[in-house]
Amino acid sequence: MALLRLFLKPGVDKQNTEYGAEGGWIDSDYIRFRYGLPEKIGGWSSFGETAVNFVGAPSEVFTWNDLDGSPYIVVGTNKKVYVYYGGTWADITPIRDTNTGVTFDTTSGSDLVSVNDTGHGAIMGDFVTISATTGNPGGIPNATMNGEYEIITVTNANKYVIEASVNATSTVSATGTATATYQINTGSDVSYADFGWGTGTWGLLTWGTARPPSASIALFSSVWQFDTFGENLILQLVDGGIYEWLPSTGIGVRATAISGAPTKSKYALVSTPDRHLICFGTESTIGTPSSQDPMFVRFSNQEDINTFVATATNTAGGQRLTDGNYIVSALRSRGQILIWTDTALHGMQYLGPPYTFGFQQLGANCGLIGPHASADVNGVSYWMAKDAFFVFDGTVKKLSCTVQDYVFKDLNFTQAQKVHVGINTQFNEVTWWYCTADNDYIDSFVTYNYLEQVWSVGTMPRTAWTDLGTYSNPLATLFDPDSTAATISTINGLTAGRAQIFSQEDGVNGDGSPILAYVKSGYFDIGDGDQVLFMKRFIPDFKNQEGNLTVRLLLRLYPQATATPSSLDPYIIEPSTQKVDTRARGRQVSLQIESSEIDTRWRFGTMRVDIQPDGVR
């Protein structure tokens, strides 16, 4: 019988049944569709000459250039903020307080040290730097006592516990003196559905005690958002303070709070070209966190990020939005700033004095699922809502999505704050990373090719992503909650949870290891009626193939039957393979292409198959 060309539609279709998706693809991992054909995605490698480990789970990675053109990277985690410049990483986490005259309680033979500091304001997991120690507390040398610590437990408002690097040799109370420098309060790497029993970290309060808001527990995981004002970095902690870091001061200097700015906001960015610093979901009374209005927008004076109080002679001001319960995020787009609440989309346009900005509602029932779930590509914005994907190109539209049920029926909505979108302009892709139902950490992604309008899915976990531009490859972060690897600085008593940063689309391997990529087609048959097909052979067709691939033919007699591989499976396809003889027999057959070896590269072409009718045995 003549060879038949096997034409398969691009994109993954999980809305149909496996048989209903005949002529297309039904599953994939580490695969993208380009020019209508599936191919293995690019690899990744550790960024920089040596791999580094950050403390905490990253929620944002951001790149920019200073006025001299020098490149920078900033990574924000739930515990710290790091900046990269000139081959060096540094901790620029802001300082919230410095107290002198603190004392220590020690127990002979124990490395646990209680620090006495009235009204310290720390919570478990915070970081404190002890310096200028005197008195060798508990026999611990002063120089050994000096250093950075993660706070193990908080005893009360005036005392907390740290873990020294050596054991004390005597039991003493309120001994020695030192200076304690506190970094801003850390946040959680997971979100919680509600306050109550089991909320928060293990050991936070006594067993059987419900967790109240007063226990310093946040319902949502900690998220950073970054922008620039000129060459200076703006750092907004979602539902927290806003800070500034100046490259001109060098990476050895930490970020500091912006004087005169609100102290609690949900999001912030700088408008262009008018250059106002805008805080979203912010305080109605500046400097009073308890006055935070989740629907209030406040903007600074033009070219002045320290002045937010409106007067007759400046352009500062504010506006409260109406449709929604809280503002989720904002994004610069073509001719306006887009503002998402949990239920709606609003537009914010610069008008000039006396009103400065005008606001209008652009859509309803299209709210954003998380602060980093929207992206803009050439004036067209894409975002993930709680039940669908949307696009705004002048009009709000719901995207036709062939994997919609697959994504949203297996989405951990409690961890929606972690959903992060990344643009990969090199391949015309917008990708959302999310947590599946049984996982509190990101473990899956869904990609939309906006040029070819096709979808794919996979399991590459990335907590943050930034497109190429400042650097020649996209950058992305990976978090391992169980890692105890050494970090860029020595921290005593440091608990588990480390992150790495990778250069994406770099080579064909996953940081030196093979990438397990596959794509699976829907089931196809020989035609209408009760016919069984017999596939005698197929002729593989791959572009740019490097290394060996595996092809599997999955067969079944009925749509609900369990698929079985053909008797000669698996078929190993070498770059030189010209044809493959098979003995595949069934009413329906599915094609699966896999690669699991190091240094493999491939792109599927148009496979030809030798199929003929056969009878039922």
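Guide: Before we start, a quick definition: rings of Phe, Tyr and Trp make a pair if their centres lie within 6.5 Å. Also keep in mind that this is a predicted model.

Visitor: Okay, which residues form one aromatic cluster with Tyr382?
Guide: Look for Phe, Tyr and Trp rings, since those are the ones that can pair. Tyr382 belongs to one such cluster, and its partners there are Phe389, Phe408, Trp432, Tyr448, Tyr450 and Trp455.

Visitor: How many aromatic pairs does the structure hold?
Guide: A pair needs ring centres within 6.5 Å. Going by that, the count of aromatic pairs in the structure is 31.

Visitor: Are the rings of Tyr84 and Trp89 stacked, tilted or edge-to-face?
Guide: Their centres are 4.9 Å apart, and there are 50° between the planes. Stacked needs under 30 degrees and edge-to-face needs over 60, so what's left is the in-between class. That makes the Tyr84 and Trp89 pair tilted.

Visitor: And what about Trp383 and Phe390, stacked or tilted?
Guide: Here the centres are 5.6 Å apart, with 15° between the planes. Planes under 30 degrees apart count as stacked. So Trp383 and Phe390, both of them buried, form a pair that is stacked.

Visitor: Is Trp89 buried or exposed?
Guide: The cut-off for buried is under 20% relative accessible area. Trp89 comes in at 12%, so it counts as buried.

Visitor: Which residue's side chain does Arg32 join in a polar contact of 2.7 Å?
Guide: First, find Arg32 in strand β3, residues 31-34. This arginine is buried, with a relative accessible area of 4%. Among the residues it touches, leaving aside neighbours within four places in sequence, are Leu37, Phe427, Glu429 and Glu505. The side chain that makes the 2.7 Å polar contact belongs to Glu429.

Visitor: Why is there no bond from Cys435 to the closest cysteine sulfur?
Guide: A disulfide is a covalent bond between the sulfur atoms of two cysteines. To count as one, the sulfurs must be within 2.5 Å. For Cys435 the closest cysteine sulfur is in Cys401, and it's too far for a bond, at 18 Å.

Visitor: How many disulfides does a search of the whole structure find?
Guide: We've just seen that Cys435 has no cysteine sulfur close enough for a bond. Searching the whole structure, the number of disulfides found is zero.

Visitor: Which ring does the charged end of Arg275 sit over?
Guide: Arginine turns up over a ring in more than one place here, for instance Arg556 over the face of Tyr523, at 3.7 Å from the ring centre. The charged end of Arg275 is 4.2 Å from the centre of its ring, and that ring belongs to Phe229.

Notes: Residues numbered from 1 in each chain as written. Predicted model: local features only at pLDDT ≥ 70, side-chain atom pairs only at ≥ 80, totals over all residues. Heavy atoms only, no water. Helix = DSSP H or I, 4+ residues; strand = E, 2+ residues; numbered from the N terminus. Buried < 20%, exposed > 50% of the residue type's maximum accessible area, 1.4 Å probe, protein only. Polar contact = N/O pair within 3.5 Å; in protein donor to acceptor, adjacent residues only side chain to side chain. Contact = heavy atoms within 4.5 Å. Phe/Tyr/Trp six-rings, centres within 6.5 Å; stacked < 30°, edge-to-face > 60°. Lys NZ or Arg CZ within 6 Å of the ring centre and 35° of its normal.
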